[in-house]
Amino acid sequence: MIVLLYSVFSIFQTIDEEFNHQWDEKGRSFLKLLKTFSVVLVLPFVVIVLLVIWWSVSSYFKGSIMFNTNALLIAGLMHVWWLFLMYKYIPKCRVDSKCAFLSAVVTGLVFCLMQYFSYTILSFFSNYRNVYGDLASLLIFLLWIYFSWTICLAGAHWTYLLQTASKKRLIDTFESTSFRY
């Protein structure tokens, strides 16, 4: 359990460093990082309880098109919500909510598409386990982690570009203003 918590904390520390590197900020101190990590560690349990409540309510619609649409919609909203929270609160500087939300929506849609294609690929190649065994599952899982991290970092960089572009546009407007009038 200690090794697992240390591994998750190390991953969280790496995420914090990478997001702050995007914004040219220094990382958090160890105590602030530990405090944020404890909040992030408790948050999935709250989400699981909410999902269990949603799942029990939506079980009445099982097998209908409404259930499949709700499942896809909830998954997409969860992706957008998590990405928005990451883009808004992980960097150590102030991030505009509009920029974070816009990049979270785009990257959330990309996550949903990636998830759909991964399910399609896994169902299309259902006999891969007979030939390759669990090694193929491990390789697909590692590819999924790589693409997920790339999408997440691309969204963080897009948030940075959106926010700095609006600041640059404001600075250009002030510089182009004639002081004679």
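The following conversation introduces the predicted model shown above.

Q: What sort of model is this, and how are residues numbered?
A: This is a predicted model, in which local features need pLDDT of at least 70, side-chain atom pairs count only at pLDDT 80 or more, and totals for chains, interfaces and linings use all residues. Residues are numbered from 1 along each chain as its sequence is written, and side-chain values use heavy atoms, with hydrogens and water left out.

Q: How many helices and strands does the chain have?
A: The chain has six helices and zero strands. Helices (H or I, at least four residues) and strands (E, at least two) are DSSP runs, numbered from the N terminus. In order from the N terminus, the elements read α-α-α-α-α-α.

Q: What share of the residues counts as buried?
A: Of the 181 residues of the chain, 24% are buried. Buried means under 20% relative accessible area, exposed means over 50%, and partly exposed lies in between (1.4 Å probe, protein chains only).

Q: Turning to the aromatic rings, how many pairs are there?
A: There are five aromatic pairs. Rings of Phe, Tyr and Trp (its six-membered ring) pair if their centres lie within 6.5 Å; planes under 30 degrees apart count as stacked, over 60 as edge-to-face and the rest as tilted. One of the pairs is F19 with Y87, which is stacked, at 6.0 Å centre to centre and 25° between the planes.

Q: Which helices hold F19 and Y87?
A: F19 lies in helix 1 (residues 2-22) and Y87 in helix 3 (residues 65-89), so the pair ties together parts that are 68 residues apart in sequence.

Q: Are those two buried or exposed?
A: F19 is buried because its relative accessible area is 0%. Y87 also counts as buried, at 1% relative accessibility.

Q: And how are W81 and W82 arranged?
A: W81 and W82 form an edge-to-face pair, with 5.2 Å centre to centre and 65° between the planes. W81 is partly exposed at 36% relative accessibility, and W82 is partly exposed at 27%.

Q: New topic: what is notable about the phi of D24?
A: D24 has a positive phi of about 55° although it is not a glycine. D24 sits in the loop between helix 1 and helix 2. With a relative accessible area of 63%, D24 is exposed.

Q: Where does K32 lie, and is it buried or exposed?
A: K32 is in helix 2 (residues 30-58). K32 counts as exposed because its relative accessibility is 55%.
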